[in-house]
Amino acid sequence: MSRITELNIDEIKDSELLKGFDFDKYDDGDRERWKALLDGVLEAQEGISCDSYTRGMAALGENFAELPNLEELNYKLEQQTGWRVMAVNGLLPCEDFYKLLSKKIFPSATFVRDWHSTAFTGYPDIFHDVVGHLPLFFDKKFSDFVSKSSAIIYAVLRKTPDGAEKEKMIQNFSRYGWFTWEAGLILEQGTAKAYGGAILSSSGETQNLKERGYDKFDLLEVFNQEYTDKEFSCRYFMIDSYDDLFASLEQIKNQYGIEGIIN
Ligand SMILES: [Fe+2]
């Protein structure tokens, strides 16, 4: 049984969320790499980041200038967005991952990637999780999409017995997550802007996007599109607005027959 399954997520305390996290364990090297990553990404984001991300960054800005203390970050985040960060080590079992997100608890790594991985890391670190994802939670609509889609996906997975069919679902949902909140683009004033955390936390991914271009978001195409998190994204998909994401959720509910279980 995993740590998450053992916890009562509805009544989880801040001290449990950050169990094992010790801000004093970061050293000067961690702080230097954080600043170098931030400088590189802020430059790369010029003209790339979507409005909701820019607003979220402004709301959290001073918290990111230095390697943030998750305890302080959690206080501000919860006050303004209802989201909290949970410190995790390693990848979570996928049902736990979606269960946490459905409760507006964002699992974040705590280590800072090494110098060799500044442009790309296949293994999310605190910089990717915090700088790439948290600012978007200040957008109510996007925040609702993440928690609602996670609740739906969790419900689908819970009612499906283990086996080949479930494995295929997990693969589809993983591609859905990758091509939306990790590598997603949104149309703003006639231009494609990034809302995906993998782009917003990586100067290398931003460059890759500029070279590859993008396609219009289509759920079935996304479900059929292979990807690997070991290299930059092979494709990017653009939505016209966050309404497209909610429309895709209706498709998912219809496809997996959970209408009436969760709204
Ligand atoms: Fe991510």
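**Group meeting: burial, helix packing and backbone turns in a predicted model**

Let me begin with a single residue, Lys 104, which is partly exposed because 18 other C-beta atoms lie within 10 Å; on the scale used here a residue is buried if 20 or more other C-beta atoms lie within 10 Å of its own, exposed if 12 or fewer, and partly exposed in between, with the C-beta atoms placed from the backbone. What you are looking at is a predicted model, in which local features need pLDDT of at least 70 and side-chain atom pairs count only at pLDDT 80 or more, while totals for chains, interfaces and linings use all residues. Residues are numbered from 1 along each chain as its sequence is written.

Lys 104 sits in the loop between H6 and strand E2 (105–108), and its phi is near 60°, a positive value in a residue other than glycine. Gln 189 also has a positive phi without being glycine, near 50°, and is found in the loop between strand E3 (184–188) and E4; with 6 other C-beta atoms within 10 Å, Gln 189 is exposed. The helices and strands I name are DSSP runs numbered from the N terminus, with helices (H or I) having at least four residues and strands (E) at least two.

Turning to the whole chain, the protein has 13 helices and 6 strands, and its C-alpha trace spans about 50 × 45 × 30 Å along the principal axes. For 263 residues a compact globule would have a radius of gyration near 18 Å, and the 18 Å of the protein agrees with that; the radius is taken over C-alpha atoms, and the globule rule is 2.2 Å times the number of residues to the power 0.38. Of the 263 residues, 38% count as buried. Among contacts with a separation of 6 or more, 67% come from residues 24 or more positions apart, where a contact means that two C-beta atoms, placed from the backbone, lie within 7 Å.

Which helix is largely enclosed by the rest of the structure? That is H7 (residues 126–133), since 8 of its 8 residues are buried, including Phe 127, His 128, Asp 129 and His 133.

H11 (residues 203–212) has its buried residues at Glu 205, Thr 206, Asn 208 and Leu 209. They cover an arc of only 160° around the axis, so they lie on the same side of H11, the arc being that of the directions from the helix axis to the C-beta atoms. As background, an α-helix has 3.6 residues a turn, so residues three or four places apart point the same way. The buried residues of H11 pack against helix H3 (28–44) and helix H10 (197–200), whereas the face turned away from that buried side carries the exposed residues Lys 210 and Glu 211. After H11 comes Gly 213, with a positive phi near 80°.

My last pair is H8 (residues 140–158) and H9 (residues 164–182), whose axes come within 11 Å and cross at roughly 170°. The two helices are therefore roughly antiparallel to each other. In this contact Val 146, Ile 153, Val 156 and Leu 157 of H8 meet Lys 166, Met 169, Phe 173 and Trp 181 of H9.

To finish with a long-range pair, Leu 100 in helix H6 (residues 94–102) is buried, with 24 other C-beta atoms within 10 Å, and its C-alpha atom is separated by 9.6 Å from that of Tyr 154, 54 residues apart along the chain.

Note on methods: Axes are lines fitted to C-alpha atoms, for helices over the stretch in contact, and angles run from 0 to 180 degrees between N-to-C directions. Angles under 35 degrees count as roughly parallel, over 145 as roughly antiparallel, 65 to 115 as roughly perpendicular and the rest as oblique.
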